Amino acid sequence: MKKVVVITGSPRKGATEGMADAFQAAAEARGFEIVRFNAAKLNVGGCKNCNACGRVAGRTCVFDDDFTPIAKAILEADGIVLATPLYWYSWPWQIKATLDRFYSFLVGNFDIKGKKSALIASCGEPTVEAMDGLVFSFKKTTSLLGLEDVGHVLVPGLHAPEEHKATDACAKAAALADKF
Ligand SMILES: Cc1cc2nc3c(=O)[nH]c(=O)nc-3n(C[C@H](O)[C@H](O)[C@H](O)COP(=O)(O)O)c2cc1C
C-alpha cells in the first residue's frame, strides 16, 4: 500500500484544509494510506543549525517536538504533500518551521531520495504569479533533497474560508492523487 504524508499549514479551516481533504479522499479511494499533520496546530520549533542531525537514536533531529512523528512518517512514506496558504509571497511560519527541520534529513544522511512530492497552495491575489516565490522554494528544496516533484495545484483569488468551494480547487487537488 502506498503511503503519503500530507502536511498542511493554515491556522484556519479554509482553502488549504479543504483541498487537503479532497486530495486525501481521492488518495484513499485509490487505496493509499494518508498520514496527515496540521503544522499550524502542532508544536514544531525551527531549525537551530546545530548540525547534530542524526546524533540521537530514533530521531532525525536531536530536538524532540512534534517534528519527531512527522519525520518518522516521512521516512516510511512513498510521498509528501505540502499544502499551504501564501503568506507575504512565501510560506507561513507555521509550516516553514516544519520545512526548515527537513534539514535533518539532509545533514543526518536520512535517505528520502526518490519519494514523490507535490505542492497545494492558494493566495488572495487574482493571479498564480503571486505564488512564484513559494513555487521556487518548493522546486529548489525538493530538488536538493532528491524528491521527485510530481505537481503543483495553485489556486489564486481566495479570501474567505469557504470561497474555494465555488471553484475547481478541490477537483484539482483530488486529481493530484493520480500523480502518486
Ligand atoms: C498573514 C497573511 C498574509 C498573506 N499574504 C498574502 C500574499 O502575500 N499574497 C496573496 O496573494 N495572498 C496573501 N494572503 C491571503 C491568503 O494566502 C489566502 O486567502 C489563502 O487562500 C488562505 O488560505 P486558507 O483559507 O487555507 O487559510 C495572506 C493572508 C494572510 C492571513
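The buried residues of helix α5 are covered by a set of elements that includes β3, α4 (103-107), β4 and β5 (148-155). This is a predicted model, and two of its pieces, α5 and β3, make a nice pair to look at.

Start with the helix. Its buried residues are L134, V135, F138, T142 and L145. Looking down the axis of α5, these buried residues fall within an arc of 110 degrees, so they line one face of the helix. That fits the general pattern: an α-helix has 3.6 residues a turn, so residues three or four places apart point the same way. Turned away from the buried side of α5 is a face with the exposed residues F136, K140, S143 and L144. As for length, α5 has 14 residues (132-145) and should span 20 Å at 1.5 Å a residue, which agrees with the 20 Å between its end C-alpha atoms. Just past the helix, G146 has a positive phi of about 80 degrees.

Now for β3, one of the elements covering that buried side. All 7 of the 7 residues in this strand (79-85) are buried, so β3 is largely enclosed by the rest of the structure. G79, V81, A83 and P85 point one way, while I80, L82 and T84 point the other way. In a regular strand the side chains do alternate between the two faces of the sheet.

Here is how β3 pairs with two other strands:

| Partner of β3 | Sense | Bridges | Residues opposite |
|---|---|---|---|
| β1 (residues 3-8) | parallel | 5 bridges | I7 and L82 |
| β4 (residues 116-122) | parallel | 7 bridges | A118 and V81 |

Terms used:
Residues numbered from 1 in each chain as written. Predicted model: local features only at pLDDT ≥ 70, side-chain atom pairs only at ≥ 80, totals over all residues. Heavy atoms only, no water. Buried < 20%, exposed > 50% of the residue type's maximum accessible area, 1.4 Å probe, protein only. Helix = DSSP H or I, 4+ residues; strand = E, 2+ residues; numbered from the N terminus. Pairing = 2+ DSSP bridges. Expected span 1.5 Å × (residues − 1). Arc of directions from axis to C-beta. Contact = heavy atoms within 4.5 Å.
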